[in-house]
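Trainee: I'd like to learn how to read a ligand site and a few membrane spans. Could you walk me through it?

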Amino acid sequence: MEKKANNVLIGINDLKKSFGDQKVLDGINLELHDNENLVVLGKSGSGKSVLIKCIVSLLKHDEGSIKVGEYELTDINEEDLIEVRKKIGFLFQSAALYDSMTVRENLTFALSRLKEGFSEEEMNNKIVEALENVGMPDSIDKMPSELSGGMKKRIGLARTLVVNPDIILYDEPTTGLDPVTSHEISNLINDTKGKFKNSSIIITHDINCVKTVADRIAMIKDGKVYKVGSLEAFINDDDSYIQSFFK
Amino acid sequence: MPDKLHNQEESSLNLNSFLTLIKDKSNSFFIDVANVIEYLQTVLRNLFTKTFEFQEFLKQCYQIGNKSVGLISITGIIVGLVLTIQSRPALVEFGAVAMLPGMVAISIIREMGPVITALICAGKIGSSMGAELGSMRVTEQIDAMEVSNTNPINFLIIPRVLAATVMIPILTLYADAIGIFGSWLGINLKDNVSLDLFINQAFAQVEFIDVFPAVIKTFFFGAVIGLVGCYKGYNAGRGTESVGIAANSAVVTASLLLIIVDLIAVQITDLF
Ligand SMILES: Nc1ncnc2c1ncn2[C@@H]1O[C@H](COP(=O)(O)OP(=O)(O)OP(=O)(O)O)[C@@H](O)[C@H]1O
Ligand SMILES: [Mg+2]
């Protein structure tokens with residue numbers, strides 16, 4: 001795909017999703033542009049994780065449309081879905097490391113199944129580099145059960161970034177990390193964008209992270225997009241609901 | 001007497017709620033069975049259309065064997081021993097002690113070996129599949145696989161179901177052998193029979209029709225254990241408590257289903 005400024009990578013139109021009687025998303029409209037970091041804000045339980053799970057079709061949306069590149073996700077066939085998922089990296093809120101595999105195997109699994117044609121040595125170099133980027137080169141042969149929550153989070157991040165996807169969906173990348181590491185991770189998100197020209201949706205409650213990474217912000221409230229705009233627009237907004245996030 | 005009346009009312013209430021409980025339980029069992037059959041269709045469709053994860057299959061075979069072989073050895077030997085000790089007095093009465101090895105061997109090969117192995121494996125393998133897959137579901141590992149372009153049915157479920165289908169028959173043959181050895185020990189508590197002679201006596205009476213259906217049904221037992229364990233774990237709910245529920249109901253449903261499959265197998269064998 002040719003990359004132009006403001007090219008729309010993901011287009012979400014009137015997206016609705018309920019679980020039983022509970023309406024979680026009730027008409028979301030949102031776009032992710034080329035080479036931008038879009039931060040999604042919203043209260044706990046507002047459906048942020050559900051939204052990005054719909055984008056990789058882990059959850060099927062009820063109504064509306066999601067377009068990723070040229071693919072429309074409603075009724076997508078299996079081959080096309082594979083293409084979509086190859087483009088998108090996903091960092092789970094819970095890190096979701098495979099318990100039965102070492103850190104190295106976790107990264108190898110992602111790399112070998114999403115990218116073809118790497119030699120053993122190339123894979124190894126990429127894995128070591130990805131672990132160095134998140135500050136965890138020594139954990140390569142550890143099992144996930146030997147790692148702390150924050151360490152797991154960073155390995156999860158390494159597993160997402162090692163594949164170098166065009167689009168990255170981060171679900172709370174800095175939650176549970178100390179301020180120093182949080183800051184490093186925020187910078188890593190920016191560096192990745194600068195170096196590989198990819199685009200990201202970042203869900204976070206960490207205002208320092210928002211200030212570091214955000215090109216644009218979308219706030220979700222009651223299943224709808226409450227406001228979209230730049231960081232300045234949000235900080236200067238008088239609305240008390242918005243202000244309560246920036247205090 | 002008002003007190004007695006009250007008591008009667010209460011007991012009929014209890015009976016009613018007991019009946020409702022049974023109805024609910026059996027309902028949910030049949031729903032489970034229907035779902036497991038539907039799940040089997042998905043598994044079969046994936047088995048024939050997608051690449052086979054041979055490495056995972058071998059790993060699962062090893063784990064199933066490794067986890068249950070100790071328990072099966074102990075149970076097998078005790079079952080053989082106990083069967084022999086218990087049957088002996090009756091046979092002595094009819095002056096047919098020479099039939100003892102053959103009789104015990106037949107009951108072990110036809111019924112005790114397969115059923116006991118299957119029930120032990122339902123407890124050991126079924127529950128661990130339910131718990132392992134359940135916790136992978138709860139901690140989003142299955143979702144992570146899916147976004148890493150890996151079909152979880154192919155990578156997780158098919159290797160487990162096939163490994164159980166292959167390993168339960170092997171473990172059963174092993175349990176049979178151990179059980180027959182236990183029977184020899186049991187006989188030697190009272191008599192002095194060499195192992196050679198014992199085995200000759202035992203297998204003189206065992207026929208093809210004793211062995212063949214018993215082996216065939218163990219494949220079905222294996223499939224039931226693998227399928228139910230995987231189904232329960234794969235479809236676990238969202239909270240941590242779902243992991244325990246998945247493991248527990250995997251054992252209960254699999255055990256019940258095993259007994260039913262056994263009943264059907266015995267009926268079919270009886271036709272010949
Ligand atoms: N698979 C599911 N089945 C049923 N309900 C679900 C499911 N996934 C999410 N929900 C419900 O949808 C709502 C939104 O959940 P979601 O995880 O998207 O919140 P969130 O905005 O990410 O919150 P947080 O900031 O705490 O992570 C919650 O009420 C949750 O219980
Ligand atoms: Mg969330």
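Mentor: Let's start with the backbone. In this predicted model, a polar backbone atom of A:V50 sits 2.9 Å from an oxygen atom of ligand 1.

Trainee: Which side chains have polar atoms close to an oxygen atom of ligand 1, and at what distances?

Mentor: For A:S49, an N or O atom of the side chain is 2.7 Å from a ligand 1 oxygen. A:H205 places a polar side-chain atom 3.1 Å from an oxygen atom of ligand 1.

Trainee: How much of ligand 1 does the protein bury?

Mentor: On its own, ligand 1 exposes 640 Å², and the protein buries 74% of that.

Trainee: Which elements give two or more residues to the shell around ligand 1?

Mentor: Those are β2 (22–33) and α1 (48–55) of chain A. With three residues, α1(A) gives the most. By character, the shell has three nonpolar, eight polar and four charged residues.

Trainee: Why is the site described as shared between chains?

Mentor: Ligand 1 is surrounded by residues from chains A and B, so the site is shared.

Trainee: Now the membrane spans. Where does UniProt place the "transmembrane region" feature in chain B?

Mentor: The unreviewed UniProt entry puts it at residues 68–85, 91–109, 161–187, 211–231 and 243–268 of chain B. To read a span, check its helix content and the distance between its ends. Residues 243–268 of chain B are 100% helix, with end C-alpha atoms 37 Å apart. Residues 91–109 of chain B are 68% helix and 0% strand, and their end C-alpha atoms lie 20 Å apart.

Technical notes
Residues are numbered from 1 along each chain as its sequence is written. Chains are lettered from A and ligands numbered from 1 in the order in which they are written. This is a predicted model: local features need pLDDT of at least 70, side-chain atom pairs count only at pLDDT 80 or more; totals for chains, interfaces and linings use all residues. Side-chain values use heavy atoms; hydrogens and water are left out. UniProt positions are given in the numbering used here, feature names are shortened, and annotations may be inferred rather than shown by experiment. Helices (H or I, at least four residues) and strands (E, at least two) are DSSP runs, numbered from the N terminus. A residue is near a molecule or strand if one of its heavy atoms lies within 4 Å of it. A polar contact is a pair of N or O atoms within 3.5 Å; within protein, one must be able to donate a hydrogen and the other to accept it, and residues adjacent in sequence count only if both atoms are side-chain atoms. Accessible areas come from the Shrake-Rupley method with a 1.4 Å probe; for residues, only the protein chains shown count as cover. Ala, Val, Leu, Ile, Met, Phe, Trp, Tyr, Cys and Pro count as nonpolar, Asp, Glu, Lys and Arg as charged, and the others, Gly among them, as polar.
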